[in-house]
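Colleague: I would like to practise reading a protein model with you, one feature at a time. Could you take me through this one?

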Amino acid sequence: MKAAPRTSGARILGACAMNVIRRRGWEIPDRFATPEHLAFSRRTVLTGAASALALAPYAANAQRLTDVANLPDPSADLYPAKRNEKYALDRPITDEKVNGSYNNFYEFGTSKNVTTAAQALTIRPWTVKIDGMVEKPMEVGIDDLIRKLTLEERTYRHRCVEAWGMAIAWTGFPFAKLVEFARPLGSAQYVRMETFLDKKMAPGQRQPWYPWPYVEGVTMAEATNELAFLVTGAYGHPLARQHGAPLRLALPWKYGFKSIKSIVSFNFTDKRPRGMWEALQPSEYGFWANVNPQVPHPRWSQASEEIIGTGERRPTLLFNGYGEYVADLYKGLDSERLWA
Ligand code: MTE
């Protein structure tokens, strides 16, 4: 990714990405880290109750986080959902463990392994706001929303702009169903989505050089395309936090940064939304971001991709192989930067 402005001696990461110098301080949230004075106490803890007392706050905090993470998911009974066989894959599904430990979720760190850090994400209660150009703005609890719509499983390829790919069995519902539920006005042309903003919970959001919260947007035609999928689960159970629980997007024909995680709002608008990566690095990350092997990223080729967990490289497919569903969306838009 392009070198970004320097801030306090650390360079910004590029979208999803990547191989720019990283500031790793937030990879382990402060509250997971043992304060130095407690680390010293550990050496003596076996010899005295006083040391045990000194460790108590740390232990209590860690226990609380574990308890929260282990609460049963109120939507668990909806899984596994019936698979929609229409969206068959040309490759095996990526192993769940591999997938669950190789993620981009900058709110919880810039390393690919944010699995532990992301467990701090509180996913209930979770309210989704629907507003802007709609008949009636509303707020809806995630469980009410999930139970209003029928869940299905779909296997999709997933292609990150960093030139790697995976294949995932997502569970969720078509974005078109959310649009129907929202009852947008005829004047709405785009849907703008936002991720939560909570600096206490998400240490990455304390890094001021990112324009938080994470924002992404699509046209109404993209949102209502049959492939656009709002995801609540994966691998036959509710979505793991590191994948963007409790609600994220999957747009398999676009680079992965368009698939915003942990969504809290859908705003229907007539203004083209500016995504977080576009705001940060417009020369590298645009609004459309459709996958195209022939259009390199300014700093690397997109001709092939690494299939995570296999060591294999495969040629990149135009629209990530989904052209039959989406190519028509872009007819007559040749003057737009459709591929970055
Ligand atoms: N959404 C939020 N809120 N924060 C992020 O950092 N990363 C994006 C996208 N959505 C990201 C996000 C990028 S770059 C990719 S490739 C995918 O999420 C990664 O999804 P995965 O970790 O489930 O594979």
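Modeller: Gladly; we will go from the overall fold to a central strand, then to single residues, a cavity and some backbone details. Keep in mind throughout that this is a predicted model.

Colleague: Let's begin with the whole protein, then. How many helices and strands does the protein have?

Modeller: There are 8 helices and 14 strands. Buried residues account for 52% of the 340 residues. The accessible surface is about 15000 Å², and carbon and sulfur atoms supply 55% of that area.

Colleague: And what share of the contacts joins residues at least 24 apart in sequence?

Modeller: If you take contacts between residues at least 6 apart in sequence, 72% of them join residues at least 24 apart.

Colleague: Now a single strand. Why is strand E12 described as largely enclosed by the rest of the structure?

Modeller: The general idea is to count buried residues along the strand, where buried means under 20% relative accessible area. E12 covers residues 263-269, and 5 of its 7 residues are buried, so the strand is largely enclosed by the rest of the structure.

Colleague: Which way does strand E3 run beside E12, parallel or antiparallel?

Modeller: Look at the bridges and the strand directions. E3, residues 127-132, runs parallel to E12, and 4 bridges join the two. For a landmark, find Lys-129, which stands opposite Ser-265 in E12.

Colleague: And how does strand E7 run relative to E12, parallel or antiparallel?

Modeller: E7, residues 190-195, is antiparallel to E12, with 6 bridges between them. Here a good landmark is Tyr-190, whose bridge partner in E12 is Thr-269.

Colleague: What should I keep in mind about side chains when I look along a strand?

Modeller: In a regular strand, side chains alternate between the two faces of the sheet. For a case where side chains from two strands meet, try Asp-131, which lies in E3.

Colleague: With which side chain does the side chain of Asp-131 make a polar contact?

Modeller: Its partner is the side chain of Asn-267, at 2.8 Å. Leaving out residues up to four places away in sequence, Asp-131 touches Pro-137, Phe-266, Asn-267 and Phe-268.

Colleague: Let's try a lysine next. Is Lys-254 buried or exposed?

Modeller: The relative accessibility of Lys-254 is 1%, so Lys-254 counts as buried. You will find Lys-254 in the loop between strand E11 (248-250) and E12.

Colleague: What does the side chain of Lys-254 reach at 2.7 Å?

Modeller: That is the backbone oxygen of Trp-288. The Lys-254 side chain also has a polar contact of 3.1 Å with the side chain of Asn-290. Among the other residues that Lys-254 touches are Arg-159, Glu-222 and Tyr-330.

Colleague: On to the empty space. How many cavities of 30 Å³ or more are there?

Modeller: The count is 4. The largest cavity has a volume of about 270 Å³. It is lined by 23 residues, and those closest to its centre are Asn-104, Arg-248, Gly-256, Ser-259 and Lys-261.

Colleague: Which elements give two or more residues to that lining?

Modeller: Those are strand E5 (152-160) and strand E6 (164-174). E6 gives the most, with 4 residues.

Colleague: Finally, the backbone. What is the usual pattern for phi and for peptide bonds?

Modeller: Most residues other than glycine have a negative phi, and most peptide bonds are trans. That makes departures from the pattern easy to look for.

Colleague: Where do cis peptide bonds turn up here?

Modeller: One joins Arg-124 and Pro-125, with omega about -5°, and Pro-125 sits in the loop between helix H3 (96-100) and E3. Another joins Trp-212 and Pro-213, with omega about 0°. Pro-213 belongs to the loop between E7 and strand E8 (215-219).

Colleague: What about the sign of phi at Ser-262, positive or negative?

Modeller: Ser-262 has a positive phi of about 45°, although it is not a glycine. Ser-262 lies in the loop between E11 and E12, and is buried with a relative accessible area of 0%. Asn-320 also has a positive phi, near 55°. That residue is in the loop between strand E14 (312-315) and helix H8 (323-326), and is buried at 1% relative accessible area.

How values were computed: Residues are numbered from 1 along each chain as its sequence is written. This is a predicted model: local features need pLDDT of at least 70, side-chain atom pairs count only at pLDDT 80 or more; totals for chains, interfaces and linings use all residues. Side-chain values use heavy atoms; hydrogens and water are left out. Buried means under 20% relative accessible area, exposed over 50%, partly exposed in between (1.4 Å probe, protein chains only). Two strands pair if DSSP finds at least two bridges between them. Contact means heavy atoms within 4.5 Å. Accessible areas come from the Shrake-Rupley method with a 1.4 Å probe; for residues, only the protein chains shown count as cover. A polar contact is a pair of N or O atoms within 3.5 Å; within protein, one must be able to donate a hydrogen and the other to accept it, and residues adjacent in sequence count only if both atoms are side-chain atoms. On a 1 Å grid over the protein atoms alone, a cavity is a set of points where a 1.4 Å probe fits but cannot get out, and a pocket is an open set with protein on both sides within 12 Å along at least five of seven lines; lining residues have an atom within 4 Å of a point. Grid points are joined across faces, edges and corners, and a volume is the space filled by probe spheres set on the points.
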